[in-house]
Amino acid sequence: MTVAGARLARASAMARLAVRPWGSGKGRTAAWWAWSAVAAAVGWNLVSLRALTLPVTYLNDSSLHEQMVRFATARLRAGHLPLTSWFPFLGAGSPQFLHYQSLPAILAGALGLLTGPDVAFRWSLYLLLSLWPISVYLAARAFGAGRPAAAAAAAMAPFLMSTAGVGYEQHAYVWAGYGVWTQLWASWTLPLAWGWSWRAIRDGRGYFRAVLLTALTVALHYETGYLALSMLVVWPFVAGRPLVVRLRRAAVLLGGSLLASAWVIVPLVAQQRWAAVNEPLQGTGLVNGYGARLVLDWLFSGQLLDDGRLPVITVLAAIGLGLAWLAWSADTEARALLAALAVCLLLAFGRTTFGSLTDVIPGGADLFFRRFMMGVQLAALLLAGQGAAWLAGRCARLVEDRVPRWPRGLSAAAALVVAAGVLAPAWLQFGTYDRVDGAAIAAQRSGDATQGADVDRLIAVIQRDGGGRTYAGMPSNWGQTFLVGSVPVFKYLESRDVDEIGYTLRTASMMTDPEYYFDDSDPSDYTLFGIRYLILPAGQQPPVPARLALRSGPYALWTIGGDGYVQVGQVVGTLAANRANVGSRSIPLLHSGLAADGEYLGVDYGGDGGASFLPAAGGQPPAGTVRTRSADLDNGQASATVSMSRPGIVVLSASYDPGWTATVNGRPEPTRMVAPALVAVNVPAGTDHVAFRYQGYGDYPELFALSALALALVVAGPAWLRRRRHGDTPVPDSSGTDS
């Protein structure tokens, strides 16, 4: 068969399949039916997820996100920008708001100025998750779907469930799930960014809202930003002719989006050298993706959309995919959705399938490829809406043709009833799931009120005695079963904003990988990490010399002798490391005992693994002592007065970053990195006063101005070009809607 003949046969097949689905007409009645379906999905979420509004200590990553919101509120209230502030709480501190997708925390933190940060966090979680079907509906409409198809996609949106559990599904966000809160924010913007970017490429209108939503997606969640930007590269080739016009429109969107998000991208790229790679997870499916074979198996078997139940959404998505494939030559929207599904699948296959080819992706070394399965879910959901609407319309036409005097208006009501029945397995599954999650929240709230009160008494002693870094176990040892309710104590401490060591791999801190290898039986490791307090089970003896400060219920607080955040010493060797291996290359140091004798290693930073020199401990007498010290790491500063018998170094137990500055006796001196990745400064013999201060990335004002200028040009530029081309003929505003 010729190409033309194949196209004719495909068009003929589509003509036979095409039906007018229920409620697809115009007018208030059709809109009412569609929005009723959306409202039903939203109402289901609002009722079943209401436990998310209750104050509780979190078991998952929400503990970090809530802490970031509290920190943002505090910094904003003090008149400081969180982006340039030192985040002191995990991994010996880091410029967390620069390296991480921090816009959600900043926005919620700003709201927290009015409501309180914890309330702002909980209600943002609840409302963003509950109202998400609205975004799905609007996106489907932007892709040209009729109201029935858009409403069907929205109605199915709350009921996605996958084996991996980190996509656009409840398990990714709720208390018993993963707590990927920043992804939830971007789940609102990505569907709209897709839909409005497609319209702009297809029609040449609506550039501003497409660029704004794409830039917001990049700022809200990095992996989701890749999904938004990648479509701008692919869609021009499926949007129809003339190709040059489509490419030009896509270039405007891509360039405008990158410039509008420059305030996020430029600092991230400029400071990438000082953001650690998560070493322990390298080579796993969590980072590399699960590969084509497994991802496709999950997709075709229903485990990507309907895990644990009848594959209702999977079947409807398959129907939608078939319809889109048949309509490929005639329907640009069908091509757009198929292209989106294909691109997201390729990204989700990740390094497991493509190996070093993924290195061509900018920033690919820091991506978690499994997270791209959320894009597969979104594209499949939009296709499932098309499949559901076609199936409903087909059934309605059959009934109307075979049942005399069947009221046409009754078809919409019948379709809603049938849809409720079809989704019954999902309702039953999620009804049970949400009740279990609510019961777990209630049980944890009880634990917070009883056992949490015992730990709070220990925290009060820490605060009374001037604060300091605390250790209460790790996920890799006894700390995982040392609990407040169901939450490990090290996570409970995070909920109370206690500076701690042990809750590992939470940030991009240069100390996060060495922290993973912390040995709690080695006294010198406590010196390196600046630990002053231990919280242990009441019947457990400390692994290092310590003094009991207080017992409170089943918990005990111990204090450790030492200088806390500031130590003095001398450099006696060298460690060669970079951001991808600083943890593993620090293991010999962490077992050496050097720091207990005031002996440190300089870091030859940036190499792939040159020679290191690690001498035996105790080779020289102490270089000096700390006479007085003061640390306020919440505000990025610390100081000490030291007495040095010979030239040496003063070490601040904070993760190294080039934003740290130092003065010695009032004169600025360059900081240096000492192993594993701590901040230090050289000092002369004698009595010295040393002050450390963190100064964050300084180019944000210029980048904010650049981003604002980019958005302004996107608004004014296309309209100006059209006026220039057509004289003074009025043209529609480039940001106008065409829905």
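Biologist: Where is Pro242 found?

Modeller: Look at the loop between helix 11 (222-234) and helix 12 (243-260). Helices here are DSSP runs of H or I with at least four residues, strands are runs of E with at least two, and both are numbered from the N terminus. A cis peptide bond joins Arg241 to that proline, with omega about 0 degrees. Ahead of the rest, note that this is a predicted model, where local features need pLDDT of at least 70 and side-chain atom pairs count only at pLDDT 80 or more, while totals for chains, interfaces and linings use all residues. Residues are numbered from 1 along each chain as its sequence is written, and side-chain values use heavy atoms, with hydrogens and water left out.

Biologist: Which residues does the cis peptide bond with omega of about 5 degrees join?

Modeller: That one joins Ala675 and Pro676. Pro676 sits in the loop between strand 15 (671-674) and strand 16 (678-683).

Biologist: Why are Trp132 and Tyr168 called an aromatic pair, and what makes the pair tilted?

Modeller: Rings of Phe, Tyr and Trp (its six-membered ring) pair if their centres lie within 6.5 Å; planes under 30 degrees apart are stacked, over 60 edge-to-face, and the rest tilted. This rule gives 42 aromatic pairs. Trp132 and Tyr168 are 5.3 Å apart centre to centre, with 55 degrees between the planes, so they pass the distance test and land in the tilted class. Trp132 belongs to helix 7 (residues 132-142) and Tyr168 to the loop between helix 8 (147-156) and helix 9 (181-203), so the pair ties together parts that are 36 residues apart in sequence.

Biologist: Which residues do ring pairs link into a cluster?

Modeller: Tyr471, Trp478, Phe482, Phe518, Tyr526, Phe529 and Tyr555.

Biologist: How do you know that the charged end of Arg370 sits over the ring of Tyr178?

Modeller: The call needs NZ of Lys or CZ of Arg within 6 Å of the ring centre and within 35 degrees of the ring normal. Arg370 has its charged end 5.7 Å from the centre of the Tyr178 ring, so the distance part of the rule is met.

Biologist: Why does Leu505 count as buried?

Modeller: Buried means under 20% relative accessible area, exposed means over 50%, and partly exposed is in between (1.4 Å probe, protein chains only). Leu505 has 17%, so it counts as buried. Its place is the loop between strand 4 (500-501) and helix 22 (512-516), and its phi is near 60 degrees, a positive value in a residue other than glycine.

Biologist: And what makes Asn665 partly exposed?

Modeller: Asn665 has 34% relative accessibility, so it counts as partly exposed. Asn665 is in the loop between strand 13 (660-664) and strand 14 (667-669). Its phi is positive too, about 55 degrees, although it is not a glycine.

Biologist: How do you know that the end C-alpha atoms of helix 16 are as far apart as they should be?

Modeller: The expected span is 1.5 Å times one less than the number of residues. Helix 16 (residues 312-326) has 15 residues, so it should span 21 Å, and the 22 Å between its end C-alpha atoms agrees. Its buried residues include Val312, Leu316 and Leu323.

Biologist: Why do we say that strand 11 and strand 17 pair?

Modeller: Two strands pair if DSSP finds at least two bridges between them. Eight bridges join strand 11 (residues 637-644) to strand 17 (residues 686-694), running antiparallel, so the rule is satisfied. Ser639 stands opposite Ala691 in strand 17. These strands belong to an open sheet of five with the order 10-11-17-13-14 and antiparallel pairing.

Biologist: What makes strand 10 and strand 14 the edge strands?

Modeller: Each pairs on one side only.

Biologist: Which strands form a hairpin with two residues between them?

Modeller: Strand 6 and strand 7 do, and Gly553 in the turn has a positive phi of about 60 degrees. Five bridges pair strand 6 (residues 547-552) with strand 7 (residues 555-559) in the antiparallel sense, and Arg547 stands opposite Thr559.

Biologist: Which residues does Gln271 touch, not counting those up to four places away in sequence?

Modeller: Leu98, His99, Asp657, Pro658 and Tyr697; contact means heavy atoms within 4.5 Å. Gln271 counts as buried at 15% relative accessibility.
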